[in-house]
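Here is a quick walk through the fold, from overall layout down to a few side chains. Keep the viewer open while you read.

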Amino acid sequence: METSTFVYDGDCAFCTRCAQFIERRIPTGARVVPWQFADLAALGLTEAECEEAVQWVGADGSRAAGPDAIARLLGDSGPLWRVAGGGLRLPPVRAAAWPAYRWVARNRHRLPGGTAACALPQEARERLYGPSGRPGPTS
């Protein structure tokens, strides 16, 4: 793989806002892509992994999830962001980052930019809104 890839949940408005922030503010050479539009098989990822947490697949084939993926993304960015990524890898910070990440993931529908759809598992979202994320026909 030539380019590293950061994969997020494109059906979640909060996650999408975060990805837009990355694209606007964090100078990275990585592709930032919603998992719904990524070739997961080529990346070696599953839908279940992508529903669980953001994912990083490095150009070298390395993989990381959740705050570890965020640390890798930051480490692949400009100097100031690399320092933040390095800080996120420090054992005490990393130990606190996982519970914080899980709390955000469980509550993303309550956070700025979040919607009720962010709280639903992918299967429920598709059942209610269809694969495109828009409401389907009523029965």
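pLDDT is the predictor's confidence in each residue, on a scale from 0 to 100. What you're looking at is a predicted model, and its chain averages a pLDDT of 85, with 79% of the residues scoring at least 70. The weak spot to flag is residues 132-139, where the pLDDT is below 50. Beyond near neighbours in sequence, that stretch has five contacts in the model. Where pLDDT is low, the predicted coordinates should not be read in detail.

**The overall layout**

The chain holds seven helices and four strands. Going along the sequence, they come in the pattern β-α-β-α-α-β-β-α-α-α-α. Of the 139 residues in the chain, 38% are buried. Looking at contacts with a separation of 6 or more, 57% of them are between residues 24 or more positions apart.

**The sheet**

The four strands make an open sheet in the order E2-E1-E3-E4, and the pairing is mixed. E2 and E4 (63-65) sit at the edges, each pairing on one side only. From one strand to the next, the twist averages 20 degrees.

Start with E1 (residues 5-8), which runs parallel to E2 (residues 31-34) and is joined to E2 by four bridges. Val7 has Val33 as its bridge partner in E2. In a regular strand the side chains alternate between the two faces of the sheet. Are the two faces of E1 covered or open? Both are covered: Thr5 and Val7 on one side, and Phe6 and Tyr8 on the other, are all buried. Helix H1 lies across E1 and E2, running at about 155 degrees to E1.

Over at E3 (residues 55-57), three bridges make the link to E4, and these two strands run antiparallel. Here Trp56 stands opposite Ala64 in E4.

**A buried cysteine**

Cys50 is in helix H3 (residues 47-52). With a relative accessible area of 4%, Cys50 counts as buried, because the cut-off for that label is under 20%. Which residues does Cys50 touch, leaving aside its neighbours within four places in sequence? The contacts are Val7, Trp35, Leu40, Leu45 and Gln55. Val7 is the E1 residue that bridges to Val33 in E2. If you want a distance to check in the viewer, the C-alpha atoms of Cys50 and Gly66 are 9.7 Å apart, with their positions 16 residues apart in sequence.

**Helix H4 and what surrounds it**

Seven of the ten residues of H4 are buried, so this helix is largely enclosed by the rest of the structure. The buried ones are Gly66, Pro67, Asp68, Ala69, Ala71, Leu73 and Leu74. They pack against E1, H1, E3, E4, H5 and H6.

The H6 side is worth a closer look. The axes of H4 (residues 66-75) and H6 (residues 91-107) come within 8 Å and cross at roughly 115 degrees. At this contact, Gly66, Pro67, Asp68 and Ile70 in H4 meet Arg94, Ala97, Trp98 and Tyr101 in H6. By type, those residues split into five nonpolar, one polar and two charged.

**The aromatic pairs**

How many aromatic pairs does a search of the whole structure find? There are two, and here they are side by side.

| Pair | Centre to centre | Angle between planes | Geometry |
|---|---|---|---|
| Phe21 and Trp81 | 6.3 Å | 80 degrees | edge-to-face |
| Trp98 and Tyr101 | 6.0 Å | 70 degrees | edge-to-face |

Phe21 and Trp81 link distant parts of the chain: Phe21 is in H1 (residues 13-25), Trp81 is in H5 (residues 79-89), and they are 60 residues apart. Phe21 is partly exposed, with a relative accessible area of 35%, and Trp81 is also partly exposed, at 27%.

Trp98 and Tyr101 are three residues apart in helix H6, so about one helical turn separates them. The general background is that an α-helix has 3.6 residues a turn, so residues three or four places apart point the same way. Tyr101 is buried, with a relative accessible area of 17%. Both Trp98 and Tyr101 are also among the H6 residues that meet H4.

Notes: Residues are numbered from 1 along each chain as its sequence is written. Side-chain values use heavy atoms; hydrogens and water are left out. Axes are lines fitted to C-alpha atoms, for helices over the stretch in contact, and angles run from 0 to 180 degrees between N-to-C directions. Contact means heavy atoms within 4.5 Å. Ala, Val, Leu, Ile, Met, Phe, Trp, Tyr, Cys and Pro count as nonpolar, Asp, Glu, Lys and Arg as charged, and the others, Gly among them, as polar. Rings of Phe, Tyr and Trp (its six-membered ring) pair if their centres lie within 6.5 Å; planes under 30 degrees apart count as stacked, over 60 as edge-to-face and the rest as tilted. Buried means under 20% relative accessible area, exposed over 50%, partly exposed in between (1.4 Å probe, protein chains only). Two strands pair if DSSP finds at least two bridges between them.
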